Amino acid sequence: GTLMRYSKHEQALELYAYAARSLEQDGQQRDSTEKAMERLTKGRSWATFNVLADKAKAKADLGEYLEASRLYKEAFATGEFRATHIARMASVPVFAQTNELEEAFKQLELLADTFKLGGNQGFIKDERCEPLHHDSRRQQLMDKLAENAKLYE
């Protein structure tokens, strides 16, 4: 958990793997081993999400949008959902740049409806989102995001 709080996701994955091997070899009672393995599995999944999202952002920062898109989709496929709004925000322009408009709108809908993200300026000002401008769904979602901003006033 400490490694995750300090964004040391790769190291956290290594530690989770080590802990899982140790638990399997340990002679603890079955119940406590199962509970510990459940916590390790959840932690490993969260660390995996963060490793993939970090790599996706790094690829996007380099303009390698196809690889960034693949990594974001892989991160979202881990099933982690809570506190993933930052990665989802970063994925929208990536999906727009790779012409994966359905995926971009899916993320925008989650941000507007589920995460109640307040504000749309990042998406309006980001030139990489220009491929979304020709779709009628864009304005509806931008309006929702603007309306959400009032929740935080």
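The exercises below examine the pocket, the nonpolar cores and the salt bridges of a predicted model.

The model is predicted, so local features need pLDDT of at least 70 and side-chain atom pairs count only at pLDDT 80 or more, whereas totals for chains, interfaces and linings use all residues. Residues are numbered from 1 along each chain as its sequence is written, and side-chain values use heavy atoms, with hydrogens and water left out.

**Exercise 1. The largest pocket**

Determine which residues and elements line the largest pocket, and how the lining divides by residue class.

Solution.

Step 1. A pocket is an open set of points on a 1 Å grid over the protein atoms alone, where a 1.4 Å probe fits, with protein on both sides within 12 Å along at least five of seven lines. The largest pocket holds about 240 Å³ of space.

Step 2. Its lining (residues with an atom within 4 Å of a point) comprises 14 residues, and N50, A53, D54, I86 and A87 are the closest to the centre.

Step 3. Two elements give two or more residues to this lining: α3 (30–61) and α5 (85–97). Helices here are DSSP runs (H or I, at least four residues), numbered from the N terminus. The most comes from α3, with six residues.

Step 4. By class, the lining has eight nonpolar, four polar and two charged residues. Ala, Val, Leu, Ile, Met, Phe, Trp, Tyr, Cys and Pro count as nonpolar, Asp, Glu, Lys and Arg as charged, and the others, Gly among them, as polar.

**Exercise 2. Nonpolar cores and S91**

Establish which helices supply the largest nonpolar core, and find the contacts of L132 and S91.

Solution.

Step 1. A nonpolar core is a set of buried Ala, Val, Leu, Ile, Met, Phe, Trp, Tyr and Cys residues joined through side-chain atoms within 4.5 Å. Buried means under 20% relative accessible area, exposed over 50%, and partly exposed in between (1.4 Å probe, protein chains only).

Step 2. The largest core has 29 residues, and Y72, V92, L108, F123, L132 and L145 have the most contacts inside it. At least two residues each come from α3, α4 (65–76), α5, α6 and α8, and α6 provides the largest share, six residues.

Step 3. Beyond its neighbours within four places in sequence, L132 is in contact (heavy atoms within 4.5 Å) with V92, A96, L101, A104, F105, L108 and R138. Apart from the largest core lies another, of eight residues, including M4, L23, A36 and A47.

Step 4. S91 is placed in helix α5 and counts as buried because its relative accessibility is 0%. Outside the four places on either side in sequence, S91 is in contact with Y72, F76 and Q107.

**Exercise 3. Salt bridges**

Which parts of the chain does the pair D113 and K144 link, and is D126 buried or exposed?

Solution.

Step 1. Side chains of opposite charge can pair when their charged atoms come close. A salt bridge is a side-chain nitrogen of Lys or Arg within 4 Å of a carboxyl oxygen of Asp or Glu, and the whole structure has 12.

Step 2. D113 and K144 form a salt bridge, with the closest N and O atoms 2.8 Å apart. The pair links distant parts of the chain, 31 residues apart: D113 lies in helix α6 (residues 101–114) and K144 in helix α8 (residues 136–149). D113 is partly exposed at 33% relative accessibility, as is K144 at 37%.

Step 3. R128 and D126 meet in a salt bridge of 2.7 Å, N to O. R128 is partly exposed at 26%, while D126 is buried because its relative accessible area is 18%.

Step 4. E67, R70 and E74 are joined into one network by salt bridges that share partners.

Notes: Points joined across faces, edges and corners; volume = space filled by probe spheres on them.
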